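Biologist: Please take one part of this model and go through it closely, from strand pairing to side-chain contacts. Then place that part in the rest of the chain.

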Amino acid sequence: MYIISAVCYSQTKTSTADVIADNIQTLTKNHNLDNVYIQTSKNIYETQEDLWFKAYVLDSQSFIPSLRSKILFVQLIEDQTDKVAWEEKYEIENGFVSGHLYLDDSLKPGSYTLAVYSSASFYKGIKSFNSAARINILKSINDKPRSQSKASQKDTDLNFTLFPEGGNMVSGIQNKIAFKALDSKGLPVDVSGKLYENNIAVLDFKSVHVGMGSFLFEPKSNSKYHIELSNKTSYPLPQIFNRGTVLHLLSNDNNFAVFNVQNSGSAIKENVFLRVQSRGIVYSVAIGVLEDKLTIRIPLKELPQGIAEVTLFNENIEPIAERLIYVNQQKKLNIEALLDKSEYKKREKASLKIKVTDENNQPVIANLGVSVVDQLYINKSDSRTIMSHYYLSSQLNSKVYDPGYYFNKDNTNKDSALDLLLLTQGWRRYIWNENNLKEHNILFKTILSDSISGNLGLENPNKKNSEAIPKIVMVFTSDPLKGQDIFTANPNGTFSITPNHLKMGEGENLFIKPMTADKPKHVIAIKDNSFDIINSSRKEIAGNYPVDKLVKENFDDISKTLMRLDHLQKLDEVVIGDKKKKVFRNKYLGTLDSLSRLNSGNSDFVCLEGGPSRPILNCFMNNHHEGKTRAPKNGEKVVVLLGKNREILGTDYPHQNYYGTSEIIYKNPDQDLTEEQLLKKFNLKMIKGYYGKREFYEAVYDQVTINDPFPDYRNTLFWKSDVITNEKGEAVVDFYCSDIDTIFLGQIEAVNAGGLLGMGNFKLKVAAKEN
């Protein structure tokens with residue numbers, strides 16, 4: 001018997017099917033959250049180079065570029081110590097961020113996490129966090145990168161878990177039992193074993209994909225069962241119920257998912273409802289009458305690609321079986337990348353044509369991130385991609401081993417392996433599960449903001465100064481061309497620094513100043529504590545970064561990478577300036593420093609009667625030493641005259657009536673103010689704007705420069721985070737090869753306005769010039 005009908009939810013909300021659908025859709029009605037993925041130009045870097053990245057800030061349900069958040073908070077975290085090595089704010093523009101950061105030479109070599117947060121993606125109540133990229137930083141020939149593989153050492157601690165399909169094992173019905181084996185580090189372990197009934201072996205089984213597998217059998221309520229693995233460890237089976245319902249997936253293709261529902265221990269007919277939902281949106285509720293067996297076919301045409309939760313309810317709206325399935329892998333962006341040549345010479349120009357189509361082979365306008373990188377700078381153990389992130393890893397409250405495997409078309413068993421993965425996750429791990437959504441709505445609390453709050457108030461508040469005074473604030477930068485903003489704070493003095501202000505201060509600092517009368521004096525209180533909030537919160541949230549796949553150790557590749565580093569010739573940063581003069585990072589602060597010195601009112605001087613190396617501070621009769629005086633230098637050694645401070649005129653020694661001298665180090669506080677002191681003196685506050693933008697360097701060679709003797713060791717030939725295809729779904733990018741003759745890997749990741757995702761790869765070979 002097939003039940004193909006689905007309920008339309010625009011009808012009156014009185015039927016049981018409508019209630020079942022509304023139960024979950026009500027929970028997600030105000031679920032206005034974002035999901036952030038970060039793409040990096042590569043994942044092995046050297047110090048003293050730029051790390052280029054693109055962040056995709058998408059709606060968590062539709063995967064459409066989101067306009068909710070305006071600020072992306074970015075941290076570089078050293079994995080070994082969990083210490084933040086670097087943090088800045090970036091502007092989110094229409095759901096995307098094009099950014100970079102400089103990897104300073106002071107960074108220790110090792111493994112780092114580049115984590116990204118926004119006000120709509122990082123919040124209190126979140127169970128796991130996966131908006132991050134793992135990178136390795138190398139410094140010298142003596143450094144070894146974070147292992148690109150793991151040795152296959154035997155682990156005596158084994159975690160073996162059984163997962164009955166649908167949730168429960170029921171007596172008298174054939175059950176599908178999935179299993180998963182992990183070692184103490186969470187890495188998969190291939191296992192084999194036997195199922196025993198009353199201590200008699202009844203079937204053999206073994207894992208078929210990274211420690212996972214399944215078997216079918218019909219349990220009996222009066223028998224005892226256990227499993228014994230080949231290593232002689234034993235495990236009991238889950239509880240066997242005398243009565244119950246089993247939900248079994250028969251088939252799953254691009255059109256339908258077919259389920260077998262079987263009941264045990266009852267011959268009473270009852271209505272059952274099979275709900276299918278994905279990311280909190282119910283797509284169908286099938287209705288049938290179950291006596292002992294029932295086959296239900298669910299249409300999949302309207303569902304997006306990704307995980308779907310299938311839940312079987314009885315007529316009392318109680319869930320009696322649940323299962324996760326993966327649907328519609330064909331619903332994606334197909335990316336074709338064609339180079340104009342099969343092989344290139346050093347410094348030769350390459351032209352890449354990209355074409356993007358949908359599942360119906362129709363052209364698509366898409367937003368792409370494109371990189372072309374030396375293959376030695378790609379960590380082959382990290383298979384994370386835009387598709388594995390959005391469709392899989394971020395949808396489960398657990399770490400997924402080698403998630404990229406399930407989206408690689410070269411893996412012929414990827415569909416069956418993906419089904420095993422979902423069978424061994426447990427349906428409660430799906431973040432859109434009804435119970436998880438209920439818990440989320442209770443615990444949910446926004447903790448980050450796209451604005452920074454401040455307050456303008458009296459420095460010394462008292463009753464005499466309590467009359468209403470207009471509280472006006474000015475926000476400006478060092479660059480007068482960027483303009484300024486003058487506005488009135490709320491009557492209680494509160495105001496906000498907005499993303500527009502941070503944009504004004506992009507690449508530098510913002511200054512905030514009261515524009516009130518000098519008396520009574522008003523001061524501003526403001527602090528950007530966003531990263532303090534992030535640091536305190538992330539320690540309470542489990543990291544959910546995918547588990548690296550096991551790959552064969554290739555020390556030759558690692559050595560080549562490090563040798564490549566050793567051959568690079570880098571120029572140290574050169575700073576030219578007067579060491580005796582204090583230099584401020586912000587030119588406006590430098591101006592304030594000069595102004596402070598000019599208006600200090602300090603009349604100190606030194607005369608040079610004792611010689612250039614023995615200046616006398618405030619010596620008698622300045623006019624007597626006309627032309628031989630100057631202002632004292634802060635920090636220099638000067639002579640102080642001790643005595644009556646009077647001179648005897650008409651003698652050759654005008655200073656003969658003093659009691660002695662003393663040497664001191666001259667210090668004028670007005671000439672050595674810190675940034676904090678300068679800001680306080682001029683009644684200013686300073687906060688950082690957005691981190692500055694920078695263009696990726698693209699070498700260009702012509703007939704003259706191609707013969708430049710200076711070596712070109714670029715390992716990243718091309719990076720562009722905002723390649724947009726035209727109406728034909730096409731885009732063309734050009735770039736020049738370097739002097740490295742090797743294989744370069746091209747990586748393309750994309751999203752379109754409708755929330756379709758895609759990825760593509762290609763290889764580029766550079767050979768030495770012909771003699």
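Modeller: Start with strand 14 (residues 175–183) and strand 17, which run antiparallel and are joined by six bridges. This is a predicted model, and each statement below is about that model. One of the positions where the two strands can be lined up is Ile177, whose bridge partner in strand 17 is Phe215. As a general point for reading such pairs, the side chains of a regular strand alternate between the two faces of the sheet.

The pair belongs to an open sheet of three strands, ordered 12-14-17, in which the pairing is antiparallel. Strand 12 and strand 17 (212–217) are the edges, each pairing on one side only. On average, neighbouring strands here are turned by 25° against each other, with direction ignored. Helix 3 packs on this sheet and touches strand 12, strand 14 and strand 17. The direction of the helix makes about 80° with that of strand 17.

Helix 3 covers residues 414–423, and Lys414 lies in it. Is Lys414 buried or exposed? Lys414 has a relative accessible area of 15%, and it counts as buried because the cut-off for that class is under 20%. If residues up to four places away in sequence are not counted, Lys414 touches Gln329, Tyr405, Tyr406, Asn408 and Lys409. Lys414 also has a charged partner: its side chain meets that of Asp415 in a salt bridge, 3.3 Å from N to O. The two partners fall into separate burial classes, since Asp415 has 47% relative accessibility and counts as partly exposed, whereas Lys414 is buried.

Salt bridges occur elsewhere in the chain too, and the count comes to 29. One of them, between Arg323 and Glu165, leads back towards the three-stranded sheet; its closest N and O atoms are 2.6 Å apart. Glu165 sits in the loop between strand 12 (158–164) and strand 13 (169–170), while Arg323 is in strand 27 (residues 319–327), so the salt bridge ties together parts 158 residues apart in sequence. Arg323 and Glu165 are both buried.

Next, a second pair with both partners buried. Glu309 and Arg275 form a salt bridge in which the closest N and O atoms are 3.9 Å apart. This pair also links distant parts of the chain: Glu309 belongs to strand 26 (residues 306–314) and Arg275 to strand 23 (residues 270–278), a separation of 34 residues. Glu309 is buried, as is Arg275. The pair does not stand alone, for Arg275 and Glu309 are linked with Glu434 and Lys438 in a network of salt bridges.

For comparison with the sheet under helix 3, take another open sheet. It has four strands in the order 35-34-37-45, again with antiparallel pairing. Its edge strands, strand 35 (484–488) and strand 45 (685–688), each pair on one side only. The twist from one strand to the next averages 20°. Within this sheet, strand 34 (residues 472–476) pairs with strand 35 over five bridges in the antiparallel sense. Phe476 stands opposite Gln484 in strand 35.

A hairpin gives a further example of antiparallel pairing. Strand 21 (residues 244–252) and strand 22 (residues 256–264) pair in that sense over eight bridges. Three residues make up the connection between strand 21 and strand 22 in this hairpin. Gly244 stands opposite Ser264 in strand 22.

Now the chain as a whole. How many helices and strands does the protein chain have? There are nine helices and 49 strands. The chain has 771 residues, of which 51% count as buried; Lys414 is one of the buried residues. Among contacts with a separation of 6 or more, 70% are between residues 24 or more positions apart. The chain exposes about 38600 Å², and carbon and sulfur atoms supply 49% of that area.

To return to the part at hand: helix 3 packs across strand 12, strand 14 and strand 17, with Lys414 buried and joined by a salt bridge to Asp415.

Key
Residues are numbered from 1 along each chain as its sequence is written. Side-chain values use heavy atoms; hydrogens and water are left out. Buried means under 20% relative accessible area, exposed over 50%, partly exposed in between (1.4 Å probe, protein chains only). Contact means heavy atoms within 4.5 Å. Accessible areas come from the Shrake-Rupley method with a 1.4 Å probe; for residues, only the protein chains shown count as cover. Two strands pair if DSSP finds at least two bridges between them. A salt bridge is a side-chain nitrogen of Lys or Arg within 4 Å of a carboxyl oxygen of Asp or Glu. Axes are lines fitted to C-alpha atoms, for helices over the stretch in contact, and angles run from 0 to 180 degrees between N-to-C directions.
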